[in-house]
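Got your viewer open? Let's take a walk through this one together, one selection at a time.

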Amino acid sequence: MSRSAFGSAVSHLYSRCYDFVIDSPARLAHNACVYNALDTAKDEFRLLHLHSGPRGSAIAASLVTHSLSQPPQYDALSYVWGPPRLSASITVDGAKIYITRHLRRCLQHLRLEGIERVIWIDAVCINQSDLNERNHQVMLMEQIYRGANTVRVWMDIKIDITQPAFYKMLHFPGDSSEHCLGDDTEFWLPLEPFFTNSYWNRVWVQQELILSRHSVFHCRDDELDGDKVGEFLDLVGKRGRQEESSGLRMQWHDLLSRFDIHALTKIVSPRKRILWRDEELRRGSTGKDGGLRLIHLLSSMSRLKTTDPRDRVFALLPLAHDRNLLTSAGLTVNYSKSVTELYTDLAIANSANSGNLDFLEFVTKRGRRFPELPSWVPDWSDMTQPLISSPSTRRADAHVGQPAKLSLSAEGAIRVLGFPISQIALVFELKVFPKTLGDILCSLSIFCNEALTVLEAVNRTTDDTFRDVVRHIISSENPNLLPEYYSKEANLLQSLKNIATGLSPFSNAGPDFIRGESGPDIPVILKQVIGHIISAAIYKDLAFTSDGLPISTYDGCAAPGNEIWLILGCVLPMILRKPESDIRKVVGSCYVLELMDGGPLALICDEDAILVAERGLPEGKQRLVYEAAEEIFLK
């Protein structure tokens with residue numbers, strides 16, 4: 001199927017999804033009567049002048065067109081659209097327009113008495129029936145939220161602001177340290193309804209709050225200063241990091257997990273907002289708080305929700321330091337494109353921008369929502385972290401040699417250059433979800449025995465350390481041996497030994513413990529590693545190649561017979577599946593233990609020769625030399 005054909009198919013499928021977003025098309029079309037055309041050359045936008053009135057009276061307002069170059073003082077609304085039914089109405093310039101009940105409740109609370117409020121609201125200030133206007137206005141949203149005096153966040157929840165926890169959070173002095181939080185995390189539990197509100201799950205909240213000058217949270221009749229909320233999250237985050245580094249009981253880390261707001265410390269913190277708003281830093285390629293490329297923003301914000309899967313790209317694009325380069329490569333806000341077309345365009349633009357194929361690291365077969373996507377295009381709506389994500393191996397810093405140009409055929413296949421390493425011979429998997437932790441350890445024992453068989457079949461030398469590791473995994477002979485600290489850069493099999501040994505006393509723990517919902521009070525150090533072994537068991541991400549190389553895959557979709565390739569322009573080895581034709585499918589990335597030793601690869605092109613080296617090794621210690629790369633096609 002051609003790219004245009006499968007793009008049209010997905011567009012038709014997706015139109016049903018958008019009908020769900022606004023399920024009253026007749027009323028949406030009726031609203032169009034209040035809008036005059038905007039002059040896109042002047043970057044015009046509309047502001048809602050919300051007329052004053054007492055609580056409970058009918059809502060009246062006016063829409064006024066302004067230029068972003070000379071706007072009046074205004075606020076901007078950040079909120080959840082709520083149920084998509086346009087079942088409420090307000091009067092705008094003397095005409096009735098339809099909005100959601102959720103928005104009307106918001107306007108009732110935001111309306112002032114005796115003075116009008118000037119505010120930008122996407123659902124009202126944009127003609128949602130005009131596709132071209134939507135495209136243009138979404139591109140301006142970065143400037144709109146930057147220019148607002150205050151971003152007003154609407155949460156339709158009732159809170160008790162007299163609770164000591166709320167009072168203390170809102171009255172921390174500006175120079176407070178994390179120790180001002182006290183030692184009792186239960187004191188802060190009354191904040192849970194606020195921090196677990198569905199508002200925080202929105203992907204658009206990233207742009208709306210990060211770019212704001214100031215924010216105020218409106219919880220019906222109560223208001224919370226956004227800067228104070230951000231300072232509180234900063235302090236809890238610092239306390240949690242102190243626990244991680246010291247091995248203390250993880251109560252502050254658990255509090256953040258309970259609130260489920262790890263990512264939010266990057267959103268509402270005043271200090272970090274200033275860094276994001278600094279154009280020069282945000283466009284930089286390095287920096288602890290800035291310089292994230294779009295593909296890394298998509299990965300780190302993957303847990304946030306959006307009804308329209310295209311909005312995940314459109315909402316985060318203004319925050320990416322490579323935004324201008326991606327835009328010049330053809331990636332723009334365009335709601336006429338299907339999901340497949342947009343996601344493919346992003347992969348192509350990323351390659352044109354970076355000069356490499358590092359986006360392949362994000363390809364995964366688990367949970368792909370759009371089967372029409374070519375196998376080499378990541379499903380940006382369901383991103384996961386790359387296999388190696390420690391600070392020392394940041395993707396943005398990886399050297400991948402000369403630019404790898406992406407060539408796209410009419411059928412959606414790309415031409416790449418690479419080198420075959422091996423084939424997968426053995427994969428660790430569980431056929432059903434384990435009933436106890438002992439089931440995982442038992443399966444892991446079987447896997448290790450089969451691994452030894454693979455090694456013996458290729459006459460590979462197995463040193464005593466490896467044999468000791470396998471024996472420990474199988475028999476857990478030394479339950480008192482706990483790892484000092486687990487690192488992704490540690491020897492894979494040594495880590496497995498430590499995990500299996502440390503978990504053996506808890507082998508009778510049931511499925512709730514395996515899912516992390518409840519269970520015995522295990523040592524803190526084991527909490528740091530238990531997720532890795534459970535992930536290995538459930539997502540079957542441990543394997544051996546036919547020539548005895550131990551490998552690890554991210555999402556466990558590898559299968560015996562899959563090929564492992566080094567692809568020029570990608571710093572992680574890729575697992576490929578070869579059907580009957582010569583065009584291969586991408587399965588995902590992998591970590592080859594004895595080839596990589598804790599880091600991604602550097603592919604250095606020197607005329608017709610390719611040197612494949614571990615990053616950081618001196619030139620004289622580079623591992624492999626190939627005479628020439630092979631040309632293959634991926635679809």
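Which residue in β4 does Ala60 stand opposite? Select Ala60 and look across to β4: the residue standing opposite is Thr91. Before going on, keep in mind that this is a predicted model.

**The strands around you**

Widen the selection to β2, residues 60–67, and β4, residues 88–92; these two strands pair in the parallel sense over 2 bridges. Now bring up the whole open sheet, which has 9 strands in the order β5-β4-β2-β1-β6-β3-β7-β8-β9, with mixed pairing. Go to the edges: β5 (95–99) and β9 each have a single partner strand, so one side of each is left without a neighbour in the sheet. As you step from one strand to the next, the twist averages 35°.

**Helices on the sheet**

Next, select helix α3, residues 101–110. This helix packs on the sheet, where it touches β1, β3, β4, β5, β6, β7 and β8. Compare its direction with that of β7 and you get about 120°. Then add helix α5, residues 131–147, which also packs on the sheet and touches β1, β3, β6 and β7. The direction of α5 makes about 70° with that of β1.

**Out to the edge strand**

Head for β9, residues 222–225. Its partner here is β8: the two run antiparallel, joined by 4 bridges. They form a hairpin with 2 residues between them, and in the turn Arg220 has a positive phi of about 60°.

Which residues of β9 are on its covered face, and which on the uncovered one? Asp222 and Leu224 are on the covered face, while Glu223 and Asp225 are on the uncovered one. That fits a general pattern: in a regular strand, side chains alternate between the two faces of the sheet.

Stay on Asp225 for a moment. Its bridge partner is Val216. Is Asp225 buried, partly exposed or exposed? Asp225 counts as partly exposed because its relative accessibility is 30%, and the partly exposed range lies between 20% and 50%. Leaving aside residues up to four places away in sequence, Asp225 touches Leu170, His214 and Ser215. Leu170 is 55 residues from Asp225 in sequence, yet the two C-alpha atoms are 7.0 Å apart in space.

**Into the core**

Now select Trp120 and Phe232. Of the 117 residues in the largest nonpolar core, these two touch the most other members. The largest share of this core, 6 residues, comes from helix α16 (residues 339–354). Show what surrounds Trp120: among the residues it touches are Phe45, Leu47, Tyr74, Leu77, Met141 and Tyr145.

Move along to α16. This helix has 16 residues and reaches 22 Å from its first C-alpha to its last, close to the 22 Å expected. Colour its buried residues, including Val339, Leu342, Tyr343, Leu346 and Ala347. Just after the helix, Gly355 takes a positive phi of about 75°.

**Zoom out**

To finish, show the whole protein chain, with its 22 helices and 20 strands. How much of the chain is made up of buried residues? They make up 53% of the 635 residues. Turn on the surface too: the accessible area comes to about 27,500 Å², and 50% of that belongs to carbon and sulfur atoms. Among contacts between residues at least 6 apart in sequence, 69% join residues at least 24 apart.

Terms used: Residues are numbered from 1 along each chain as its sequence is written. This is a predicted model: local features need pLDDT of at least 70, side-chain atom pairs count only at pLDDT 80 or more; totals for chains, interfaces and linings use all residues. Side-chain values use heavy atoms; hydrogens and water are left out. Buried means under 20% relative accessible area, exposed over 50%, partly exposed in between (1.4 Å probe, protein chains only). Contact means heavy atoms within 4.5 Å. Two strands pair if DSSP finds at least two bridges between them. Axes are lines fitted to C-alpha atoms, for helices over the stretch in contact, and angles run from 0 to 180 degrees between N-to-C directions. A nonpolar core is a set of buried Ala, Val, Leu, Ile, Met, Phe, Trp, Tyr and Cys residues joined through side-chain atoms within 4.5 Å. Accessible areas come from the Shrake-Rupley method with a 1.4 Å probe; for residues, only the protein chains shown count as cover. The expected span of a helix is 1.5 Å times one less than its number of residues.
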